Amino acid sequence: MKAFVRTRSLPGLLLALLLAALTVLSAGSPPASAATSVSTIAEALRKSPVYVDPAASAQLSSGESDALAKQIKDADKPLFVAVLPAGYPTSNLFRNLRTATGITGLYAIRLGDRFDARADSSVLPRTAVQNLVTSVQGEKDAHTQLTDFTNSALTNMNGSAPSSWGSSSGGGGISTTALITAGAVVVAGGAGAYTLVRRNRRRRAAEQQAALDRLRVVVDEDITAFGEELDRLDFHPAEAGADDAMRADYERALDAYEQAKSAMAEARRPEDVRAVTQALQDGRFSLALLAARREGRPLPERRPPCFFDPRHGPSVTDAVWTPPGGAPREVPVCAADATRLADGRDPVVREVDTDYGRRPYWDAGPAYGPWAGGYFGGGLLPGLLVGTLLGSMMATPSYAADYGTGYGDFGGGYEGGDTSGADFDPGDFGGGFGDGGGGDFGGGGDFGGGF
């Protein structure tokens, strides 16, 4: 009976030994797919803005990582940076990381020697993300690339750092005596504070009025230029060959002209100018449609105006342009400026009066933000102005209070740094890794594309 038992258990004993050996081998040599989980990365990013995977520690030292994290925290911006090994799985990486983190922000990933980023549109529009990624693309050194990207991103993005990153406040409570003393100081200084607030309000109102007065000169030039275009237009609604579509285009152009004049007459603050230039942009597009119909050409697509001077009319293509001291970026240009750039010549730039003489509008005062926003709204403007004086001004926290955002709403019910969980636009985080911060937003989010 005992011999029978030993004979029957021998195969089972061998199987157990084989499984044990396989377990030991597996523990000693983990497969390539055993990467750090997205949830682990997300948990780390909820505590600190920079995460470096242990398998990618050679790319960014702990000192460099700490310095980058401190810079982001000091700027009080929701920028998340992850450094991952080259073989890390990329399918739906940005979307899954954003879902796991649950915080509205800008997410940048260095994956081996590749780099890409995505952001909630309330933090940074897609075009701006694309331009920022392109400006550092190809940099082999991780520290240099992430530092350059961070420097540019922090001056252009919206929102505040998430509260989960904590603060540097020390422990211990506040004594009752301290509270009473503080309250007495507040009461004693109340009258003085009220006077100071009133003085600041008057100063701000005077500054806004001065900015509007200077801006009115430029806007009146724009309105006059569009009116002259209408005067030169050799079109009569009753002429032979005119159809209802042509007449509708013409009527829309006339309405836009009147709307621009009316909006400028009613403008009381610099941000009110945005409605004026937006109406002029609509009117010029109507004229472009009318011209195409009369000449029997295909109707043009709706494009922003020429970046160098919106009075040139709707753009026809994009061209690479590098501002002095800035990074290259694609800007919409008219046919004439596209030819000039292709020939190595300077474009014809819209200059305005400043305290330092005539300057391009992007190197003028902050009031030109709303003026440009009416022409280049919908999230396009921040990316175009990266690295320019106006772009830097518009990125400051005080700008929106004095001049409005200039380029319109970024959409979404959450601000940068808010905890939204999985409530976000998946299109903001789709596309293939390496598509430049935008890519194909209609796909399934396969990050393997492009490599």
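This report describes the fold, a buried hairpin strand, a small cavity, a cysteine pair and two loop residues of a predicted model.

## Overall make-up

In this predicted model, the secondary structure of the chain comes to 15 helices and eight strands. The chain has 451 residues, and buried residues make up 40% of them. Among the contacts in the chain with a separation of 6 or more, 68% are between residues 24 or more positions apart. The accessible surface comes to about 22,500 Å², and carbon and sulfur atoms account for 55% of that area.

## The hairpin of strands 3 and 4

Strand 3, which covers residues 106-111, pairs with strand 4 in the antiparallel sense, and the pairing runs over six bridges. Within this pairing, Ala108 stands opposite Ala117 of strand 4. The two strands form a hairpin with two residues between them, and Gly112, in the turn, has a positive phi of about 70°.

Strand 4 takes in residues 114-119, and because six of its six residues are buried, the strand is largely enclosed by the rest of the structure. Arg114, Asp116 and Arg118 point one way from the strand, whereas Phe115, Ala117 and Ala119 point the other way. The charged side chains of Arg114, Asp116 and Arg118 are thus listed on one side of strand 4, and these residues, like those pointing the other way, are buried.

## Helix 5 and the second largest cavity

A search of the whole structure finds two cavities of 30 Å³ or more, and the second largest of them has a volume of about 40 Å³. Its lining consists of Asn131, Leu132, Ser135, Ala327, Pro328, Arg329 and Val386. Helix 5 gives the most to this lining, with three residues.

Asn131, one of the lining residues, lies in helix 5, which spans residues 126-136. Asn131 has a relative accessible area of 12% and therefore counts as buried, the cut-off for that class being under 20%. When residues up to four places away in sequence are left out, Asn131 touches Arg329, Glu330, Gly383 and Leu384. One of these contacts, Arg329, is also named in the lining of the second largest cavity.

## Two cysteines without a bond

The structure holds zero disulfides. Cys306 is in no disulfide, and the cysteine sulfur nearest to its own, that of Cys334, is 3.7 Å away. Seen from Cys334, the closest cysteine sulfur is that of Cys306, and the 3.7 Å between them is too far for a bond, because a disulfide calls for two cysteine sulfur atoms within 2.5 Å.

Both residues are shielded in the model: Cys306 counts as buried because its relative accessibility is 0%, and Cys334 is likewise buried, with a relative accessible area of 7%.

## Positive phi values on either side of strand 2

Two residues other than glycine are worth inspecting for their backbone angles: Asp76 has a phi near 60°, and Asn92 has a phi near 55°, both of them positive values. Asp76 is found in the loop between helix 3 (62-75) and strand 2 (79-84), while Asn92 has its place in the loop between strand 2 and helix 4 (93-101).

With a relative accessible area of 38%, Asp76 is partly exposed. Asn92 also falls in the partly exposed class, with a relative accessible area of 21%.

Definitions and conventions: Residues numbered from 1 in each chain as written. Predicted model: local features only at pLDDT ≥ 70, side-chain atom pairs only at ≥ 80, totals over all residues. Heavy atoms only, no water. Buried < 20%, exposed > 50% of the residue type's maximum accessible area, 1.4 Å probe, protein only. Helix = DSSP H or I, 4+ residues; strand = E, 2+ residues; numbered from the N terminus. Contact = heavy atoms within 4.5 Å. Areas by Shrake-Rupley, 256 points an atom, 1.4 Å probe, with all protein chains shown as cover. Pairing = 2+ DSSP bridges. 1 Å grid on protein atoms, 1.4 Å probe; cavity = no way out; pocket = protein on both sides within 12 Å on 5 of 7 lines; lining within 4 Å. Points joined across faces, edges and corners; volume = space filled by probe spheres on them.
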